[in-house]
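Here are a few notes to read with the model open beside you. Take them in any order you like.

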Amino acid sequence: PHYLELPTWAAYTGAEDIWTITKLPAILPAFGTYFGSVLDINREIWLAIIQANPDCKFTLGGYTEPVRNQNVSWQESPPLSKPDYSLFKGQACIPRLKLSSGCLYNCTFCTIPRKLTLETWESIGDQIASFRPLAFELIYLDDKTFGQAKNWKNIDRIYYLVKDYNPRFRGFIVQTTAQ
């Protein structure tokens with residue numbers, strides 16, 4: 001039940017980064033499923049690896065056109081409502097908090113959906129509660145709206161809710177541009 005969490009969390013756990021595509025050999029052992037994030041900059045690499053490994057299964061996702069192949073399962077972003085990160089209990093990480101999705105800008109290089117959708121306060125609360133078993137000092141705001149979604153104004157409220165159960169919490173990593 002945790003497999004959809006892996007592409008999001010593996011990069012932050014401090015463990016050996018086995019998910020990095022550039023470290024994958026041309027021919028992979030045919031066991032289980034390989035997970036990965038496909039972007040425009042690594043799409044051709046993924047396609048070459050998939051073609052070279054017809055006996056392997058891949059579960060992929062990302063901000064690009066879906067990869068279609070008989071041994072590929074394409075996953076949209078998993079719903080974050082009521083997440084369960086108990087698999088990573090005590091793991092040092094930087095959890096991701098989704099306040100909104102989509103963007104109203106129409107940049108030619110970007111494949112983020114153009115519909116702006118705000119997460120409900122209930123969904124945000126569920127995400128915040130799901131971080132309890134994790135060892136973290138920062139939260140990454142996974143928001144691509146560049147300030148268009150006005151629920152960023154709840155950041156101070158979110159800070160105190162997290163600080164109440166995690167005294168080591170220091171703040172947020174924000175990738176969005178300032179208004």
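Which strands does helix H2 lie across, and at about what angle does it run to E2?

1. Helix H2 (residues 43-52) lies across E1, E2 and E3, and runs at about 165° to E2. Helices (H or I, at least four residues) and strands (E, at least two) are DSSP runs, numbered from the N terminus. Angles run from 0 to 180 degrees between N-to-C directions, with axes fitted to C-alpha atoms, for helices over the stretch in contact; contact means heavy atoms within 4.5 Å.

2. A word on the source: this is a predicted model, where local features need pLDDT of at least 70, side-chain atom pairs count only at pLDDT 80 or more, and totals for chains, interfaces and linings use all residues. Residues are numbered from 1 along each chain as its sequence is written, and side-chain values use heavy atoms, leaving out hydrogens and water.

3. Now the sheet under discussion: three strands, in the order E1-E2-E3, make an open sheet with parallel pairing. At its edges sit E1 (33-37) and E3 (72-74), each pairing on one side only. Neighbouring strands here are turned by 20° against each other on average, direction ignored. Two strands pair if DSSP finds at least two bridges between them.

4. Look at E2 (residues 57-61) next: three bridges join it to E3, and the two run parallel. Leu60 has Trp74 in E3 as its bridge partner.

5. On to helix H4 (residues 155-165), whose buried residues (under 20% relative accessible area, 1.4 Å probe, protein chains only) are Ile158, Val162 and Tyr165. Seen down the axis of H4, these fall within an arc of 65° (taken from the directions from the helix axis to the C-beta atoms), so they line one face of the helix. Tyr160 and Asp164 are exposed (over 50%) on the face turned away from that buried side.

6. What covers the buried residues of H4? The cover includes strand E4 (96-97), helix H3 (121-130), strand E7 (138-141) and strand E8 (171-174).
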